[in-house]
Amino acid sequence: FDPATGWWSLLPAMSSPGRRLHGAAALAGKLYICGGLDEMGAVERFEPVAGTWTAMPSMPRDVGCCCASALGGKLYAVGMLGDDSKVVVQIFNPEMDSCRELQSVGLLPD
């Protein structure tokens, strides 16, 4: 969306266009898409200036129903591990081009 013109633009397709229930967050002027069903460990980055998607290092743990947020120059992804309802927090460091598990939260309450 371009706030100056009020127009939406269609972006180029990601390598996994059928992805759903994924996390998305903006970090350092780029858009990151991570996790989600069908592509649970995959991370892709959109660079608006170049108009291209780039595959990033996969997350160590595959997560569905993912949420993402940027904080302190890092990308945090929170999601569920498969069918056991465990929640995991993973952190991506763009300076190191690496992703690691930060914390396993455990089972969700009923």
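This passage looks at a four-stranded sheet and at an enclosed cavity in a predicted model.

The sheet is a good place to begin. Four strands make up an open sheet, in the order S1-S2-S3-S4, and their pairing is antiparallel. Strand S1 (23–27) and strand S4 (52–56) lie at the edges with a single partner strand each, so one side of each has no neighbour in the sheet. Going from one strand to the next, the twist averages 25 degrees.

At one edge, S1 runs antiparallel to strand S2, residues 30–34, and five bridges join the two. Within this pairing, alanine 26 of S1 has leucine 31 of S2 as its bridge partner. S1 and S2 also form a hairpin, with two residues between the strands. In this hairpin, alanine 28 adopts a positive phi near 55 degrees. The two faces of S1 can be told apart by their surroundings: Gly23, Ala25 and Leu27 belong to the covered face, whereas Ala24 and Ala26 belong to the uncovered one. Ala26, the residue bridged to leucine 31, is thus found on the uncovered face of S1.

At the other edge, S4 pairs with strand S3, residues 43–47, in the antiparallel sense, again through bridges, here five of them. Glutamate 44 is placed opposite alanine 55 of S4. These two strands form a hairpin as well, with four residues between them. The turn of this hairpin contains glycine 51, whose phi is positive, at about 70 degrees.

Attention can now shift from the sheet to the empty space inside the model. Rolling a probe the size of a water molecule over the atoms reveals where space is left unfilled. The count here comes to one cavity of 30 Å³ or more. The volume of the largest cavity is about 50 Å³.

Which residues line the largest cavity? The lining consists of Cys34, Val43, Met59, Leu75, Tyr76, Ala77, Gln90, Ile91, Phe92 and Cys99. By character, nine of the lining residues are nonpolar and one is polar, with no charged residue present. Strand S6 (74–81) and strand S7 (86–93) each contribute at least two residues to this lining. The sheet described above is represented too: Cys34 and Val43 are among the lining residues, with Cys34 falling in S2 (residues 30–34) and Val43 in S3 (residues 43–47).

Note on methods:
Residues numbered from 1 in each chain as written. Predicted model: local features only at pLDDT ≥ 70, side-chain atom pairs only at ≥ 80, totals over all residues. Heavy atoms only, no water. 1 Å grid on protein atoms, 1.4 Å probe; cavity = no way out; pocket = protein on both sides within 12 Å on 5 of 7 lines; lining within 4 Å. Points joined across faces, edges and corners; volume = space filled by probe spheres on them. Nonpolar A, V, L, I, M, F, W, Y, C, P; charged D, E, K, R; others polar. Pairing = 2+ DSSP bridges. Axes fitted to C-alpha atoms, helices over the stretch in contact; angles between N-to-C directions. Buried < 20%, exposed > 50% of the residue type's maximum accessible area, 1.4 Å probe, protein only.
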